[in-house]
Amino acid sequence: MQYDSFKVQAILNETDGYDHSGQHHVGVPAIFGLNFQTVSTAQKLPTSDGLTGGYLPGGKVPGPLLVRALNYINTQVGAMVSRIKADGLARSTAIIISAKHGQSPTDPGALARVPDSPIISAINAAWTAAHPGAGKLVIFSTDDDGMLLWLSDRSQAAADFVKQYLLTHSAAGNNISGNPVTVPTSGVKTVYAGAASAAFFGVPLGDPRHPDVVGIAEHGVVYTGGQAKIAEHGGDDVQDRNVPVLVVSPSVRRAGTSGVPVETTQIAPTILDLLGLNPGQLQAVRIEHTKVLPGL
């Protein structure tokens, strides 16, 4: 909350026409904004300040730490809206609120914390046993509630080796109470390897950036050691990817809810459109044909 408060103060300074420090008058920017970390942290921490994090059993109602976080964000957004009004900017300012990601699982009963290091070490050991002198196969990974693995050998055979291992070995972990659990197939339900991984991301097989192996985790699986987290993001879980988008614009006089599926990538071209600029100036908009948000 302290960290986020620094950024809110910077926005308040900017709405007053100063730079973020509040020391130099530079005029009000055409675009200003910030991100909040408070809610994300309150969703992931088991406890903080003696308050339980995340959601209550069932995953629908926020727990005490998350309630405090949401109330804090509500107050900070209110402070920025009040300053925008006080500075006479309300009739020329649109406000967009969304989230980069959600977290999963929201229901603590679905949680299975699985350390990824033993899984990766076992893959490397199996590879070395089958290929003496080859060295480590998995050389980099990003594993939160999904598995993204980069290999020293980028062949399809090596990627298939990892896929086969993941889908044929169980893994040890613990649940929300810290009690031991065992998850089948390394905690993943689907694995994309080699060419299938490239296709999953929509890039050529030779693109060096895509992971060689992608593991789509079972709902509730979080790859973490110990008991430091109760939720995570970065995977393909529906709770990671479904987030709200709220737009308040002077040009919209009647409040409403749109049931049209949208994506957060549409926020950038929407900002340009609201400023009277051409969204087609963005390379990604031209490549992906991204539309502005509907109803504005």
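This dialogue walks through how to read several features of a predicted model.

Trainee: What should I keep in mind about numbering and confidence before I start?

Mentor: Residues are numbered from 1 along each chain as its sequence is written, and because this is a predicted model, local features need pLDDT of at least 70 and side-chain atom pairs count only at pLDDT 80 or more, while totals for chains, interfaces and linings use all residues. Side-chain values use heavy atoms, with hydrogens and water left out.

Trainee: How many helices and strands does the chain have?

Mentor: Helices (H or I, at least four residues) and strands (E, at least two) are DSSP runs, numbered from the N terminus. Here the chain comes to 9 helices and 12 strands, and its C-alpha atoms fill a box of roughly 70 × 50 × 40 Å, taken along the principal axes.

Trainee: What share of the residues counts as buried?

Mentor: Buried means under 20% relative accessible area, exposed over 50%, and partly exposed in between, with a 1.4 Å probe and protein chains only. Of the 296 residues in this chain, 35% count as buried.

Trainee: How does the length of helix 1 compare with what it should span?

Mentor: The expected span of a helix is 1.5 Å times one less than its number of residues. Helix 1, residues 2–15, has 14 residues and should therefore span 20 Å, and its end C-alpha atoms are indeed 20 Å apart. After this helix comes G17, with a positive phi near 95°.

Trainee: Which elements do the buried residues of helix 1 pack against?

Mentor: Contact means heavy atoms within 4.5 Å. The buried residues of helix 1, among them V8, I11 and L12, pack against helix 2 (38–44) and helix 3 (64–86).

Trainee: Where is Q266 placed, and is Q266 buried or exposed?

Mentor: Q266 is in the loop between strand 12 (246–248) and helix 8 (267–274), and it counts as buried because its relative accessibility is 11%. Leaving aside residues up to four places away in sequence, Q266 touches P261, T290, K291, V292, L293 and P294.

Trainee: What does the side chain of Q266 reach?

Mentor: A polar contact is a pair of N or O atoms within 3.5 Å; within protein, one must be able to donate a hydrogen and the other to accept it, and residues adjacent in sequence count only if both atoms are side-chain atoms. In this model the side chain of Q266 reaches the backbone oxygen of K291 at 3.2 Å.

Trainee: How many salt bridges are there, and which residues are linked in a network?

Mentor: A salt bridge is a side-chain nitrogen of Lys or Arg within 4 Å of a carboxyl oxygen of Asp or Glu. The count comes to 9 salt bridges, and K44, D144, K229 and E232 are linked in a network of them. Within that network, the side chains of K229 and E232 meet at 2.7 Å, N to O; K229 counts as partly exposed at 22% relative accessibility, whereas E232 is buried at 2%.

Trainee: What are the surroundings of the salt bridge between R209 and D207, in terms of buried or exposed?

Mentor: The closest N and O atoms of R209 and D207 are 2.9 Å apart, and the two partners differ in accessibility, since R209 is exposed with a relative accessible area of 66% and D207 counts as buried at 11%.
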